[in-house]
Structures are given as structure tokens and as C-alpha cells.
Amino acid sequence: MYCTKSGATVNNEARGKSHKMPLLIGAAVLVIAIVAVILSRGSGLSGTYTSESGYYSVSFDSKDECTWYQSGLSFEGSYEKSDDGYRLEIGGGGWYADTVFDAVVDDGDLIVTGGVVYGERFVKQ
């Protein structure tokens, strides 16, 4: 405790706590911002990848959705991170109905390791 010029007594503990509050609020805001950034990243793929043959391409968005393109046709699907890389599930019609592709990223390129285009390398555009 100490006395002010007016003679009032002030408790040092209460004064110290008021200085810690802005630090606690700042730390809480920082933690919330970090969590928001981590959660907004999705599965980690984004952009468009085109096969080296030029016959296929696939576009990824940040909402874990993808679109597979071939011969002027497009097929909607989804993708997710798996233990070995990524798993793409493409819907649509014809022979692409419910097709599943497994893929890995190698030096920035997407390599399909399973499905009907096994071994195809896709370069990010």
C-alpha cells in the first residue's frame, strides 16, 4: 500500500493486476488468430494442376472440393488428406462416376498413385 498526494491509500496488488489485463487480452487474441489460420487451410491443396500429357487437369479449392477436367468435360468431387498423401473422390457420369484417385505431392507436382490415370504427373499452373 502507498499513499497518494490526496492522502488516499492505494493497494499495490490491484494496481499490478490492471497492467496484466491488456497482456492477457493480447495473448488470447493471438491464440484465436493462430487457430483461425490453421483451420482455414483445409487439406492443403489449392490451385490448378495439369497433367504432363495435357489430357487431364484438376482444380482444388480451399473447401476440400475439386473439379476434374478431361476432353472438355468437368466432374465435381472432393478431396482429403490421407495417411499416404491425398484421396480424390470424383463424381459425375459415365466412366467417372464415383472414381477414386490416390495422389501424393512431389516437388510441388501432384502425382496420381492410384486410379485410372496411375502414375500421371500433374504440374501446378
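The legends below accompany several close-up views of one predicted protein model.

**Figure 1. The whole predicted model, read along its sequence.** The secondary structure of this protein comes to one helix and ten strands, and from the beginning of the sequence to its end these elements follow the pattern β-β-α-β-β-β-β-β-β-β-β. Of the 125 residues in the protein, 26% are buried. Among the contacts with a separation of 6 or more, 25% are made by residues that lie 24 or more positions apart. The confidence of the prediction should be kept in mind while looking at the later views, for the mean pLDDT of the protein is 78, and 73% of the residues reach 70 or more. Among the elements, strand β1 (residues 2–3) has the lowest mean pLDDT, at 52, whereas strand β3 has the highest, at 93.

**Figure 2. The closed barrel of eight strands.** The barrel runs in the order β3-β4-β5-β6-β7-β8-β9-β10, with antiparallel pairing, and it is closed. From one strand to the next, the twist averages 30°. In a regular strand the side chains alternate between the two faces of the sheet.

**Figure 3. Strand β10 and its two partners, β3 and β9.** Strand β10 (residues 121–124) pairs with strand β3 (residues 47–51) in the antiparallel sense, over three bridges, and within this pairing Thr50 has Val123 of β10 as its bridge partner. Strand β10 is also joined to strand β9 (residues 109–114), again antiparallel, by two bridges. Here Ile111 stands opposite Arg121 in β10. The hairpin of β9 and β10 has six residues between the strands, and in this hairpin Gly115 takes a positive phi near 105°.

**Figure 4. The pairing of strands β7 and β8, with a network of charged side chains.** Five bridges pair strand β7 (residues 86–90) with strand β8 (residues 99–106) in the antiparallel sense, and Glu89 stands opposite Val100 in β8. The side chain of Glu89 also meets that of Arg87 in a salt bridge, at 3.9 Å from N to O. Glu89, with a relative accessible area of 39%, is partly exposed, and Arg87, at 31% relative accessibility, likewise counts as partly exposed. A network of salt bridges links Arg87, Glu89 and Asp102, and the structure as a whole holds four salt bridges.

**Figure 5. Arg121 and its two acidic partners.** Arg121 forms a salt bridge with Asp106, in which the closest N and O atoms are 3.2 Å apart. This pair links distant parts of the chain, since Arg121 is in strand β10 and Asp106 is in strand β8, 15 residues apart. Arg121 counts as partly exposed at 23% relative accessibility, and Asp106, with a relative accessible area of 32%, is partly exposed too. The side chains of Arg121 and Asp109 meet in a further salt bridge, at 3.0 Å from N to O. Because Arg121 lies in strand β10 and Asp109 in strand β9, this second pair ties together parts that are twelve residues apart in sequence. Asp109 has 16% relative accessibility and therefore counts as buried, the cut-off for that word being under 20%.

**Figure 6. The largest nonpolar core and the surroundings of Phe122.** The largest nonpolar core has 18 residues, and those with the most contacts inside it are Val58, Phe60, Trp68, Leu88, Leu110 and Phe122. Two or more residues of this core come from each of the strands β4 (56–60), β5 (65–70), β6 (73–81), β7, β8 and β9. When residues up to four places away in sequence are not counted, Phe122 touches Tyr49, Thr50, Ser51, Tyr56, Ser57, Val58, Trp68, Asp109, Leu110 and Val112.

**Figure 7. Ser57 and the residues around it.** Ser57, which is one of the residues that Phe122 touches, lies in strand β4. Because its relative accessibility is 14%, Ser57 counts as buried. Leaving aside the neighbours within four places in sequence, Ser57 is in contact with Tyr49, Thr50, Thr67, Trp68, Tyr69 and Phe122.

Notes. Residues are numbered from 1 along each chain as its sequence is written. This is a predicted model: local features need pLDDT of at least 70, side-chain atom pairs count only at pLDDT 80 or more; totals for chains, interfaces and linings use all residues. Side-chain values use heavy atoms; hydrogens and water are left out. Two strands pair if DSSP finds at least two bridges between them. Helices (H or I, at least four residues) and strands (E, at least two) are DSSP runs, numbered from the N terminus. Axes are lines fitted to C-alpha atoms, for helices over the stretch in contact, and angles run from 0 to 180 degrees between N-to-C directions. A nonpolar core is a set of buried Ala, Val, Leu, Ile, Met, Phe, Trp, Tyr and Cys residues joined through side-chain atoms within 4.5 Å. Buried means under 20% relative accessible area, exposed over 50%, partly exposed in between (1.4 Å probe, protein chains only). Contact means heavy atoms within 4.5 Å. pLDDT is the predictor's confidence in each residue, from 0 to 100.
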